[in-house]
Amino acid sequence: MTPAPATTPAPSPSGGLHRRWTPPGGGPYDLALVLGPLRRGPGDPTFQAAADGSFWRATRTPAGPATLRAAPAPAPHAGAVEAQAWGPGAEWLLDHLPDLLGEADDPSTFTPRHRAVLTAYRNRPGLRLCRTGLVLESLIPSVLEQKVTTVEAYRAWRLLVRKYGEPAPGPTPTSGPTPTPTRLHVMPDARTWAMIPSWEWHKAGVDAKRSSTILRAVRVAARMEEAASMEPEQAAARLQLIPGIGPWTAAEVIQRTNGAPDAVTVGDLHLPGIVGHALANDRDADDETMLKLLTPYAGHRHRAIRLILLSGHTPPRRAPRMPIRNFAGM
């Protein structure tokens, strides 16, 4: 795949820096699908889908905090993505914009082998895999999601980032049917995460096992961030040097940070049944069965799973949802 010509970030008329990026190859491109995995729940203070169709992301780069706004470009540049960035890390964000938007991802060798995958592939042709190059921002929420409901994990992320993070630089996006400004927040830096008192983790609903894992990771934050420049297998191994980080968490991270098209999330409560149901009408599939079913997609197994999830071809729920625990009340 031939990369699109690079453009130098330039001052935007409305402030910040500006860059326009065009997907290589001229094929379909779906910005919402590309950036969607970076959103941690509907109330994520670091990510917002705005009323005007743009996507906003607050993050902590090696150069400092930054806010990114990305939106489909209007005519005469339809098909491109217009991006603006603010804050000390703005130039870093725009320099890495092509990776974030999936320029390094190459789906050209992917071939659907099952009806559900083929249908999703045809219906959602604009899927590309993002690559953030930033580890902690994906690692911490992934640890928060270990062995709990997404409702609990999203709540913990939201509370901790709003309390210990900082207001994002730049303007405030608007969202909802009646647009109202909603301030984004940049997640805390490694030192701040390390200083959060135990009772604050408890109030956010985070047990000692998960908070201890996060504390161990942020104490070697630089070593963790190095994983973003490694091959996916080496990156996963680096992350799993931290006690409490296993294959499930490592896969969830490198899918986002490294744009790993073959990283399969094993150890998930629901995913094997979803894949088994979609590919073999086997809702009781385990990890071993799931991996066998995904064998034809070697090199693109994560992409195949994304398409299965997008297909909506999931088994009907037959067990009660995992109960939401109230650690603050214990």
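Are Arg57 and Glu137 buried or exposed? In this predicted model, both Arg57 and Glu137 are buried. The two side chains form a salt bridge in which the closest N and O atoms lie 2.1 Å apart. This pair joins distant parts of the chain, with Arg57 located in strand β4 (residues 55–61) and Glu137 in helix α5 (residues 136–144), at a separation of 80 residues.

The structure contains 14 salt bridges, among them the pair formed by Arg303 and Asp105, whose closest N and O atoms are 2.7 Å apart. Arg303 belongs to helix α15, whereas Asp105 is found in the loop between α3 (97–100) and α4; the salt bridge therefore ties together parts of the chain that are 198 residues apart in sequence. Arg303 has a relative accessibility of 2% and so counts as buried, the cut-off being under 20%. Asp105, with a relative accessibility of 5%, likewise counts as buried.

A further salt bridge is made within one helix. The side chains of Glu252 and Arg256 meet with an N to O distance of 3.3 Å. Both residues lie in helix α12 (residues 247–257), where they are four residues apart, about one turn of the helix. Glu252 and Arg256 are both buried. In addition to these pairs, a network of salt bridges links Lys163, Glu200 and Lys203.

Helix α15 also takes part in a helix–helix contact with α4. In general, the packing of two helices is described by the angle between their axes and by the distance between those axes. For helix α4 (residues 115–123) and helix α15 (residues 301–311), the axes come within 8 Å and cross at roughly 85 degrees. Because angles of 65 to 115 degrees count as roughly perpendicular, α4 is assigned a roughly perpendicular orientation relative to α15. On the α4 side, the contact is made by Ala116, Val117, Ala120 and Tyr121, while α15 contributes Leu307, Ile308 and Ser311. Classified by residue type, the contact of α4 with α15 comprises six nonpolar residues and one polar residue, with no charged residues.

Helix α15 thus appears in two of the descriptions above: Arg303 of this helix pairs with Asp105 of the loop between α3 and α4, and Leu307, Ile308 and Ser311 of α15 are in contact with α4.

Note on methods
Residues numbered from 1 in each chain as written. Predicted model: local features only at pLDDT ≥ 70, side-chain atom pairs only at ≥ 80, totals over all residues. Heavy atoms only, no water. Axes fitted to C-alpha atoms, helices over the stretch in contact; angles between N-to-C directions. Parallel < 35°, antiparallel > 145°, perpendicular 65-115°, else oblique. Contact = heavy atoms within 4.5 Å. Nonpolar A, V, L, I, M, F, W, Y, C, P; charged D, E, K, R; others polar. Salt bridge = Lys/Arg side-chain N within 4 Å of Asp/Glu carboxyl O. Buried < 20%, exposed > 50% of the residue type's maximum accessible area, 1.4 Å probe, protein only.
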